[in-house]
Structures are given as structure tokens and as C-alpha cells.
Amino acid sequence: MSDTLHMIKTLMVDAGTGFYRMQRNRTGEFFGPVDMGIHLAFKHNALTIGAGLLAGSVFPGFNRLVFAGISPCWHGFYVSSMGGAALVFNNLGINNLCIIGKASHPSLLYLNRNHGEEIEMELIKVVPEQIWETGRKGLYAVMEHAIETFGPRYEKDPRVLAVGPASHWSDFGAIGSAPIKKGRLTHVDTWAGRGGFGSKLFQEHGIIGIIYGGTHIDEDFQDRSVADQWFKDKFNQRMAAKDLEATTKYRFDPKFNTGGTFGINYATMGSDILAFNYRTIYWPEAARKDLHERFILNHYLKQFNEETIQTKQQRNCGEPCAAVCKKMNGPYKKDYEPYQTMGPLLGIFDQRAAEQINHHADQLGFDAISLGGTLAWLMDCLDSGLIMPRELGVDQLPRWDMDSFDVTGDSLHNAQLGMALMDQMTGPEGKISLAFGARKWARGLARKKGKAVLEKFVYNAFARQGWMVPNQYWTPGVFSPMAIMGKYYMYYGQDFFPPRELGRKNARRMIDELMLDNLGVCRFHRAWAEALIPDIIENIFGQKDAFLTSIRLTAGRITSRNASVFWESERNMDMVFTFLKNKKLIDHVVDPDLEYWIDFFTRDKHAAAYEFWYEMHKGIHETLREFPV
């Protein structure tokens, strides 16, 4: 490979002045958008958007676009990523785009590079409110507007990163994108949702969207025969065969007769179903199983299997990939976590209702997982009589009565209520002001109405205002005091581990996930990528040891700023306590540590929760020190 491939090229764009320049660093100084991103985040409060060193190469799944910077909602350094979007980004001939400064007026950023010419950059003023009301509306309208305005300038189809009204009115706006085919926007949208980087792009940099593309060709690694040999040496399989095996769950698993995160998770969760703002954790196992069978297996999942799996409506994110993980039903894409938080967590068990509310959230440009958790909390407060509908700008209560629940009618009612609440979050007259985040707003509400309001809100807390709705798994790992939460920088399996060991597992998981993110690798390929990446880096760049050291130092650097806050909601504690009891009573785990924690929680839940949380914290920090103990 040529020496130019051993350079990290970062385009530095000052949105305030319109000036830009290229910064070059040798690999070894930095390896990707995460370690470059943390450097620039604390130097410039920059938003770094980048592709991995092997984007555009022969390796499948290496084309995620990575976003890194200080998160507006988490209030710490954060990493988010978007499927497939680095393939077109690679045509700019750069590794990273770093945005600093703020445009004096909301703007659209244009980047293009034709063949060997210099990068063209332009910032044009726009009126976001006018764009958001056109065409497909919201975030999608920004993509359409960018294609209309700049599309003819590109020889190849470009790609657009866009934000919606949520990025104006809240701290957890997402960045969305969709592949463009023959000049037309497709329905296979992909998201950098977690972390609120849409809010950062719009509020801190004044940018509503970025259109990029080009025809620049780098000397990307394309020798399939050499790659096949590396795979055979490691796994005794060719690359395509190993990748096909590793991505079975995300494509189609014949053991469960379904596929994708939605299909496999709902087919296998059984009594671990989370619904009605997590109220199901308090139900007997038989009631949870009954809910799962009647409303999930026989309706929600059944619809998905009949409409999406059996008709083979599956696409990829913009790069050729065996996983074809984008499960579609016409214009609607079905992923587990959005269709869980804005599905069963809200009392929605019907695909038509879930499609409506998820599409509305996507148009507005929210992080769908945090939005669903926030809506579930508000609907729980409404159903409990802690908040009156008029106080939230709505005129209905949720329908959460299981004895009379109508799976289609009540699901639709709850979806409509959820959409009405969303509309109160995204306008100057809205009753729900989330400019400083749901956690701060919830604390203010609790001061007026009592702590019971806050106790129903399930979230992870960071620093004074930072917050994140956890991943949708009933396991202590998703409530860990990690420096980055809401992604999979933690252990989220169903096994019981004493909290200190769980902290250590979280830390080791963070290192592996950082390795993927810093190279822009989709975690759906992690079954082989984590094992082979160090060897790939050595074979191509000769820097395996430096790369692994860099990942560990980056993990330590992130952790050194860990400002995680002990659980502020009692329901967080109950999630952990009920998990522990289930391990003993349902899974019949025999473990003296498990007995100890169940007894401790039974005697004094709050004291036990403190101890459990701090034990995880110890395991995390002792593992991620520069010189681990």
C-alpha cells in the first residue's frame, strides 16, 4: 500500500467563518474518528465525523460513519455511528470531517470532490422551518432539499446527513441519512441516534444538513485472495463464508424462523418482556409469559414475520453486506429498540400503530430510544394520576388496562397519544420543554409534584444534567456506571455476575467495542472482526501493538472523565433487584454471591443498590486504568 494510506486526513471546517483546511497525521498518532474525535472534542468542542482506515476496502461491514464529540444530552464524550454512510464519505478522499465554530445563520454544508481535484466546500443559508414543512417533512425534507439543490453537481450518487425539529427543541436530536439511488432518496434510513449529535450539529454549529460525495479513488485494500487466506488461517473459512455465518441472526435464523434484531429478540425473550414503562418487572412470571404469547408471538411478531420476513423485504444500509439487516415493510424499517421503546414500552403491540409513531419520531428527528423511554415515563405518570393530561398539552389518558386491552384499538390510541406528546416537545408553545433534557425537566416536575414522578423515569444519569434511556434489556449491565452508556460499551447478557466482575466485563466489552468504532466496523460482524482486526492492522499497516495500545489508552482517557451518577429513580433499582430474583427463582441459578445480593436488597434496597452500583464502578475503573491492577 502507498504511503498516503498511512496518513489520517482530517478536513477542518469552521462553520463560523467558512474557512477550511486539511490536517494530516500519521497512523500511530491516531487510528480513527474516535481517538481523533476525543482529541478535537476537548481542544475545539468539535464534532468529528469520520470513516475507518479500511472504509471502501474488501472487508464487509467496515463502512459505518462514526460521530464523536461532547454529547449535548449525555454531557460527556460520546460516540455514535451510522450504517453504510462511510462508503460514500470515502469518495471524498479523507478520513474525518471536523466541524468547529457556528454558522451565523442555519446552513446546509456541501462537500464534493471530483477525481483528483481539491475538495469543494460551500455553506448556504436556509430557513429550517420552511424546509421541515415540505415534501416528506422534517428530517427527510432536509435530505430532499439537499438533493434538489446540489444533486446535479455530483457524478455519483451522494449522501445526506440531516436533522429535524427535535434538534432545535431538545438535547437528543438524531442525525439521519438514507442511501440515494439514481438521484432518488430511498426509504432505508440509517441513524446516528444516541448521544444527541443532531442537536449538537444544529444548535452548536448551525448546520441543518451535510451533503457529501465524490469520485476520488483511494488505494483501498481490495485483494480478496489475500483476505481469504487471513480468514482461512484464523477460522478455516473463506471471508464470505465466515461473514455469512456470523451475520445469521441479522439476516434469517432458521432455528427461530425469523431474523433481524426485532425478530430474534422478540422470538426469544419470553417472560423478559418489558412493557408499560417497565411495569412488567413487577408481574408474576406467568403473567409476563401470557403477555408475550398473546400480544408478541401471536400478533406483533407474527405481523412482522408475515409482512417482512416471509416476503423477504430486507435491504442493506448502503454497502453490499450479507446481513441485509434492514427489515422493511414498505417505507417502514423495523429495528428492535425503536419498535420496543415505541412499542410495548408504551402499550403498543400492533405494527400499524408502531409504524405511525416510529415514523413520526423519525420525521421529527429524535433519538427514538430515548424518546420512547421519555414517552413511557410520561404516560405512566398520566395513567397513575401524577400528571393531568392538560398539563402536558393533551386530552387523553393512555389505555394500559390489561384486563380489557384491545391489541389493535388500544395500541393505536396509545400511539396517537405518544405522537401528541411528541408535538408538545417540538414547538415554541409546547408544554414539554426538553431544551435542557428530560432529566432536568423531570427533576423540576418532581419538585412541584413530589418525588413519585421522578421514581418512574428509567434513565442513566451523568454529571449534573446528562441522561440516557438505557438499552432495552432486563439486565444490570444496562444500568452500569460506564463513561458512555446507551450504546453497547457494557455487558448486556442475561448471566449473573457479582457486580465487581460485571464492572470488569463492562470494561473489557468497552475496549472491544471501541476497536470496532474506531475502524468504523458494524458490530453485527463482531463475531469475526474482533478476533481478526488486530492481525489485519498488522498485515496492512504493521502497527498491531500500537493500535491495541491506542484503543486501551482511549478507553482509559474516556473513563478518566467518568461522571456517572448513582441511580436517581427507584425503578432502576427495582430493575436490578427483580433481575436478581429471576435468576434464582426462574433460572434456578445457585450462587452464594447471588444469594448475598438478594438478601441485601430484601433487607435494605437502597443500601444494597448503592453497594451494587459502586462495586460495578470499582471493577470498571480498576480495569481501565493505564496500568490495570
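These are my notebook entries on a helix pair, the nonpolar cores and one loop residue.

I am working from a predicted model, in which local features need pLDDT of at least 70 and side-chain atom pairs count only at pLDDT 80 or more, while totals for chains, interfaces and linings use all residues. Residues are numbered from 1 along each chain as its sequence is written, and side-chain values use heavy atoms, with hydrogens and water left out.

**Helix pair.** I looked up α18 (residues 499-518) and α23 (residues 605-624), whose axes come within 7 Å and cross at roughly 45°; helices here are DSSP runs of H or I with at least four residues, numbered from the N terminus, and axes are lines fitted to C-alpha atoms over the stretch in contact, with angles from 0 to 180 degrees between N-to-C directions. That angle makes α18 oblique to α23, since oblique covers whatever is not under 35 degrees (roughly parallel), over 145 (roughly antiparallel) or 65 to 115 (roughly perpendicular).

**Cores.** I noted that the largest nonpolar core (buried Ala, Val, Leu, Ile, Met, Phe, Trp, Tyr and Cys residues joined through side-chain atoms within 4.5 Å) has 214 residues, and that F59 and I210 have the most contacts inside it. Helix α14 (residues 368-383) gives the most to this core, with ten residues.

**Loop residue.** I then checked D367, which is found in the loop between α13 (351-364) and α14. At 2% relative accessibility D367 counts as buried, the term for under 20% relative accessible area with a 1.4 Å probe and protein chains only. Leaving aside neighbours within four places in sequence, D367 is in contact (heavy atoms within 4.5 Å) with F172, A174, G193, R194, G195 and M468.

Definitions and conventions. Helices (H or I, at least four residues) and strands (E, at least two) are DSSP runs, numbered from the N terminus. Buried means under 20% relative accessible area, exposed over 50%, partly exposed in between (1.4 Å probe, protein chains only).
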